[in-house]
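Here is a predicted model to look through together. Let's ask how a few of its labels were earned.

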Amino acid sequence: MRRFTRRGFNALIAGAAVAGPLVRSAFATEPDFTLAVIPDPQYLPTSGAGCGAYSAVMNYVGNNLNLSVDGSALNIKAVVGVGDCVNTPNSGEGTTAATAWGLLDTAGIPWITPAGNHDIVPVSGNDLSTRNLASNFRTGGFFSFDQRAGKSYFGGGYGSYGDNYYIKLTIGSWHLLIMSLEYHPRSAVM
């Protein structure tokens, strides 16, 4: 097992800074594209009069894949979540979240989202190091990687929890690898 150090990370960043302009010039002739980011949707209303807001966000993405902004099309190729699909784990909010993200599946839009701290049931108070994923992220749950495995863009998964996985996207000549890691990843995951 290879150890990843701060010095190694800094060397990686320095190498990327040197290679970056070369890579950008090589891809300059390709059209721009967008990866839509969905930050912390747990605060969207998931019940009552406003519960359609979560699905409205996903419908907006699907309905505006090529929306023109400042003279250029958005050209949305995928959606990346940052976690916290629900505010209260193992509640009815999970169904609302699954319905909303499922709209992207129906539209054929690739997506990935990790489990955030709101998608974890703490075993001991607020100590998230003793994690217990909400059922929608555990094996068999809507957000688990075993449910994503049938998608053409699915890359692979790690462990038995269901939240450590990656997707692979090819956009023009770009080959992207996007990872979803558990909240505060354990050493074995890293």
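Q: Why is Arg148 called buried?
A: Arg148 has 2% relative accessibility. Buried means under 20%, so Arg148 counts as buried.

Q: What makes the contact between Arg148 and Asp105 a salt bridge?
A: The N to O distance between these side chains is 2.7 Å. The cut-off is within 4 Å for a nitrogen of Lys or Arg and a carboxyl oxygen of Asp or Glu, so the pair qualifies. The two partners come from distant parts of the chain: Arg148 lies in helix α4 (residues 145-148) and Asp105 in helix α3 (residues 93-107), 43 residues apart.

Q: Is Asp105 called buried or partly exposed, and why?
A: Asp105 has 22% relative accessibility. Partly exposed runs between the 20% and 50% limits, so Asp105 counts as partly exposed.

Q: How do you know that Lys151 forms a salt bridge with Asp105?
A: Their closest N and O atoms are 3.8 Å apart. Since the rule asks for within 4 Å, this pair passes too. Here Lys151 sits in the loop between α4 and β6 (154-158), 46 residues from Asp105 in helix α3.

Q: Why is Lys151 called partly exposed?
A: Lys151 comes out at 29% relative accessibility. That value falls between 20% and 50%, so the label is partly exposed.

Q: What makes Asp105, Arg148 and Lys151 one network?
A: Their salt bridges share partners: Asp105 pairs with Arg148 and also with Lys151. The count of salt bridges comes to two.

Notes:
Residues are numbered from 1 along each chain as its sequence is written. This is a predicted model: local features need pLDDT of at least 70, side-chain atom pairs count only at pLDDT 80 or more; totals for chains, interfaces and linings use all residues. Side-chain values use heavy atoms; hydrogens and water are left out. Helices (H or I, at least four residues) and strands (E, at least two) are DSSP runs, numbered from the N terminus. Buried means under 20% relative accessible area, exposed over 50%, partly exposed in between (1.4 Å probe, protein chains only).
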